[in-house]
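Subject: Model handover: pockets, cavity and strand pairing

Hello,

Here is the model we talked about. Please open it and follow along with the notes below.

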Amino acid sequence: MRRLSLATRLTVTFTVITAACFILVGWLLYRAAEQRILEQDETNIVLSARHLRRLVAELDSMEDLKTHQDRMVVSVLGDDNNALRMVDDAGHVIVDHNPTNLPLAPQGVVPTGQRIVASMLNTWHGDHDLPIRGVAVVGQMRDGAHVTIMVARSFADRAVLLRRYRRDMALRLLAGMIAAMVLSYLLVRRALRPLRSMAADAATIHAQNLHTRLSAGNAPTELHALAHALNEMLDRLEGGFARVWQFTVDLAHDLRTPVGNLRGTNEVALTRLRTSAEYQALLGSNIEECDRVSRTIESVLFLARADNPQFALQRSTLDVREELQRIADYFEGIALDARVGIEIQGSATISADRELFRRAVGNLLSNALRYTPPEQIIILLASRTDEAVTVAVENPGAGISAEHLDKLFDRFYRVDRSRSDSANSTGLGLSIVKSIIELHGGRVTVDSQPQGITRFVLWFPVH
Ligand SMILES: Nc1ncnc2c1ncn2[C@@H]1O[C@H](COP(=O)(O)OP(=O)(O)OP(=O)(O)O)[C@@H](O)[C@H]1O
Ligand SMILES: [Mg+2]
């Protein structure tokens with residue numbers, strides 16, 4: 001099905017609402033006018049009947065009535081739709097004024113003493129089913145003789161008048177609806193103009209000009225909110241793009257160094273014939289560089305996978321103390337070489353991905369081992385608060401100065417590049433720790449004293 005534009009939808013809605021209001025108000029006005037006209041005509045019939053009964057009462061006899069016929073007729077003259085007939089008790093017509101030949105019927109005759117009111121009026125139908133309203137009343141003359149007075153009015157002219165009124169109203173209604181439709185369409189189009197211009201602006205934004213921001217100008221406040229939300233989205237996208245770009249540059253830079261080293265040492269070695277011991281040393285250093293490249297590639301791949309929202313954790317319940325012990329055992333050889341002790345304190349259980357937990361704590365411990373002076377002790381501490389299980393890795397050493405602390409977890413960030421550019425450092429260890437803890441819904445914090453304790457803490461939330 002073809003989608004309708006907002007302008008069309010709003011125009012149709014406005015038009016339907018306007019038409020419904022027009023029809024309702026028109027119908028109410030029509031009913032009121034019809035009521036007023038009918039009431040007026042009924043009042044005229046009642047007044048004529050009352051007047052005629054009074055005139056009759058002033059007459060002496062039937063003869064007198066015949067003489068004053070014209071006086072009687074005068075009370076209904078002036079409108080050809082009126083009819084008057086007076087009949088004596090024997091059924092003889094004494095007065096008859098009926099220009100349009102209405103069928104007159106003496107039904108529900110009102111006796112002499114009774115006051116004539118509108119509710120006594122009868123309705124019947126003449127030719128072509130046209131409604132007639134009238135009343136029959138008994139008048140009494142001075143000599144006691146009775147005469148039945150029938151006053152009636154045909155509503156043929158009223159029917160014509162009301163029909164014309166209806167037709168005029170329908171035409172005006174149609175004109176009003178068309179006007180409402182055109183006006184609402186123009187109005188809606190005008191109101192949506194800022195939206196169209198915003199859409200046109202948005203269509204020009206590409207990866208190359210992500211700094212462009214949408215302006216709502218003097219558009220209504222609702223559109224300001226939309227522009228604001230879209231601009232905030234652009235801020236986030238721009239930040240994301242900048243990070244990806246920086247990551248790419250850093251990655252290229254970090255791969256260039258070992259590849260350059262490889263090429264350089266191999267070229268130098270090829271300048272002349274070497275002893276087999278020299279070739280062996282060269283191959284050993286080549287393997288080291290290859291290790292560094294593959295470690296960087298593996299770390300980048302891991303970070304890319306961890307960024308994917310579909311990344312699935314293999315959670316299980318871990319005895320933290322046991323896990324810390326296992327990690328410490330794994331690093332035992334390096335710790336012995338560095339003459340550094342590892343001590344495990346506290347205990348807790350958490351629900352976490354075992355491999356990722358080992359990797360995160362392993363990265364922290366490998367850093368600690370690198371920066372702890374000989375004969376000192378690294379502490380791995382597990383503890384539990386109401387909201388989280390924490391795993392802290394604490395080591396004494398030179399410490400990290402405050403200005404580096406908030407950048408430590410950025411990809412490829414190293415405090416001392418010259419020192420860490422060794423084959424052992426990729427600068428990705430802490431960003432992997434951060435990714436892992438965030439996958440678990442937690443966070444990682446660091447604090448460090450100059451020439452004191454550096455402490456990294458993993459916070460695993462307790463659900
Ligand atoms: N315990 C620590 N004491 C002092 N400095 C630290 C410590 N842990 C990390 N750092 C600093 O933070 C930087 C970033 O650490 P990160 O683990 O991300 O990278 P890396 O250790 O250099 O490389 P990789 O972990 O890939 O071997 C390190 O280069 C180091 O300067
Ligand atoms: Mg590291």
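The second largest pocket holds about 560 Å³ of space. This is a predicted model, so please read everything here in that light. Lining this pocket are 20 residues. Closest to its centre are Arg 243, Phe 247, Phe 409, Asp 410 and Arg 411.

Three helices each give two or more residues to the lining of this pocket: H5 (221–270), H6 (276–307) and H12 (429–439). H5 provides the largest share, with six residues. By class, the lining of the second largest pocket has ten charged residues, six nonpolar and four polar.

Where does the second largest pocket lie with respect to domain 2 and domain 3? It lies between them, because both domain 2 (205–307) and domain 3 (312–461) give residues to its lining.

Next, the enclosed space. With a cut-off of 30 Å³ or more, the count is one cavity. The largest cavity holds about 50 Å³. Its lining consists of Leu 104, Ala 105, Gln 107, Asn 122, Trp 124, Gly 134, Val 135, Ala 136, Met 150, Val 151 and Ala 152. Strands S3 (122–125), S4 (131–140) and S5 (146–154) are the elements that give two or more residues to this lining.

How many charged residues are in the lining of the largest cavity? There are none; the lining has eight nonpolar and three polar residues. In the lining of the second largest pocket, by comparison, ten residues are charged.

Last, the strands towards the end of domain 3. Strand S12 covers residues 453–461 and pairs with S10, residues 388–396. The two are antiparallel, with nine bridges. To find the register, start at Ala 392, which stands opposite Val 457 in S12.

S12 also pairs with S11, residues 443–448. Here too the sense is antiparallel, and six bridges join the two strands. One pair to look at is Ser 448 and its bridge partner in S12, Thr 454.

What do S11 and S12 form together? They make a hairpin, with four residues between the strands. In the turn, Gln 451 has a positive phi of about 50°.

If you have time for two views, I would start with Arg 243 and Phe 247, which are among the residues closest to the centre of the second largest pocket. Then turn to S12, which has S10 as one antiparallel partner and S11 as another.

Best wishes

Key: Residues are numbered from 1 along each chain as its sequence is written. Chains are lettered from A and ligands numbered from 1 in the order in which they are written. This is a predicted model: local features need pLDDT of at least 70, side-chain atom pairs count only at pLDDT 80 or more; totals for chains, interfaces and linings use all residues. Side-chain values use heavy atoms; hydrogens and water are left out. On a 1 Å grid over the protein atoms alone, a cavity is a set of points where a 1.4 Å probe fits but cannot get out, and a pocket is an open set with protein on both sides within 12 Å along at least five of seven lines; lining residues have an atom within 4 Å of a point. Grid points are joined across faces, edges and corners, and a volume is the space filled by probe spheres set on the points. Ala, Val, Leu, Ile, Met, Phe, Trp, Tyr, Cys and Pro count as nonpolar, Asp, Glu, Lys and Arg as charged, and the others, Gly among them, as polar. Domain bounds come from an automatic or database domain assignment. Two strands pair if DSSP finds at least two bridges between them.
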